[in-house]
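Please look through the structure below with one theme in mind: which parts of the chain meet, and which parts face outward. The paragraphs after it go from salt bridges to a pocket, and then to a few single residues.

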Amino acid sequence: LAINPQDPPMWELLAAHTKAVTDSIKSLILAIRDKCPGQKECDSAIDRLNATINQLDQAILLAMNQQLHPNASSNLQGFQEQLLQAMGDIGEHIKPIAMAAKGESNKLGYQVMAMCNVFPCLAGAAIGAASKMTSSQLQNSLLEKTKT
C-alpha cells in the first residue's frame, strides 16, 4: 500500500485482516469477561436487584394511586426493625466485598450474592412499613429512598 495506495486487492486484504483481528479481540474480551471469577454470580445479583427494584416500583405506583393496602404481617415498628436489620446486614457485607474486589476475586461472587440476598428483605420491610403509613407522600419518600 505504501508503494501503490490505489491497489484495491491490497485494500481488501487489509480490510479482511483488520476484521479478523478485531473479531479476535472482541472474542477474547468476551471470553475474559465470561470466565472472570464471580461473573455469573454478579450477573445473577444484578438480575435479582432489578427484580427488587421492579417490586419497589410497583409499590410506588400503588402508593401514588393510594392503593397500597396495609400489610397485616407486622406493625409499623416491626417493619422498621426489619428495615434496620436489613440495612445493618448490608453494611456488614460492604467490607468483605471491597476486600474480595481488591485481592480475593475468587470470593467476590459469593460476597456479592450474600449481600444481594438481603435486598429483597429490605424491600419487603420498606413496602410493609410504607403500607402502614397514611400519607402517600411519606410512602413514596420511603420507597424511593429504599431504591437508592
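A salt bridge is a side-chain nitrogen of Lys or Arg within 4 Å of a carboxyl oxygen of Asp or Glu. The model shown here is a predicted one. How many salt bridges does the rule give? The count comes to 3 salt bridges.

Begin with helix α1, which covers residues 8–35. The side chains of D23 and K19 form a salt bridge there, with 2.9 Å from N to O. D23 and K19 are 4 residues apart in helix α1, so about one helical turn separates them. How open is each partner to the outside? D23 has a relative accessible area of 36% and is therefore partly exposed. K19 is exposed, because its relative accessible area is 52% and the cut-off for exposed is over 50%.

Another salt bridge joins D57 and K147, whose closest N and O atoms are 2.6 Å apart. This pair links distant parts of the chain, since D57 sits in helix α2 and K147 in helix α6, 90 residues apart. D57 is partly exposed, with a relative accessible area of 26%. K147 is also described as partly exposed, at 30% relative accessibility.

The remaining pair to look at is E104 and K107, with 4.0 Å between the closest N and O atoms. E104 counts as partly exposed because its relative accessibility is 30%. K107 has a relative accessibility of 40% and so counts as partly exposed.

Now turn to the pockets. The largest pocket has a volume of about 230 Å³. It is lined by 15 residues, and the closest to its centre are F119, L122, T146, K147 and T148. Which elements give two or more residues to this lining? They are α2 (39–64), α3 (76–103), α5 (119–131) and α6 (136–147). By type, the lining of the largest pocket divides into 10 nonpolar, 3 polar and 2 charged residues. K147 thus appears in two places in this account: it is a partner of D57 in a salt bridge, and it is among the residues closest to the centre of the largest pocket.

Next comes the surface. V21, I25 and I29 make a nonpolar surface patch of about 280 Å². Take I29 as an example from this patch: the residue lies in helix α1. Is I29 buried or exposed? I29 counts as exposed, because its relative accessibility is 53%.

Two glutamines are left to consider. Where is Q66? Q66 is in the loop between α2 and α3. Although Q66 is not a glycine, it has a positive phi of about 55°. Q66 has 65% relative accessibility and therefore counts as exposed.

Q111 lies in helix α4, which runs over residues 105–116. Q111 counts as buried because its relative accessibility is 16%, and buried means under 20%. The C-alpha atoms of Q111 and A101 are separated by 9.5 Å, while the two residues are 10 residues apart along the chain.

To go over the main points once more, find D57 in helix α2 and K147 in helix α6 in the structure, the pair that links distant parts of the chain. Then find the patch made by V21, I25 and I29. Last, set Q66, which counts as exposed, beside Q111, which counts as buried.

How values were computed. Residues numbered from 1 in each chain as written. Predicted model: local features only at pLDDT ≥ 70, side-chain atom pairs only at ≥ 80, totals over all residues. Heavy atoms only, no water. Patch = residues over 30% accessible without salt bridge, like charges linked within 9 Å, V, L, I, M, F, W, Y side chains within 5 Å. Areas by Shrake-Rupley, 256 points an atom, 1.4 Å probe, with all protein chains shown as cover. Buried < 20%, exposed > 50% of the residue type's maximum accessible area, 1.4 Å probe, protein only. 1 Å grid on protein atoms, 1.4 Å probe; cavity = no way out; pocket = protein on both sides within 12 Å on 5 of 7 lines; lining within 4 Å. Points joined across faces, edges and corners; volume = space filled by probe spheres on them. Nonpolar A, V, L, I, M, F, W, Y, C, P; charged D, E, K, R; others polar.
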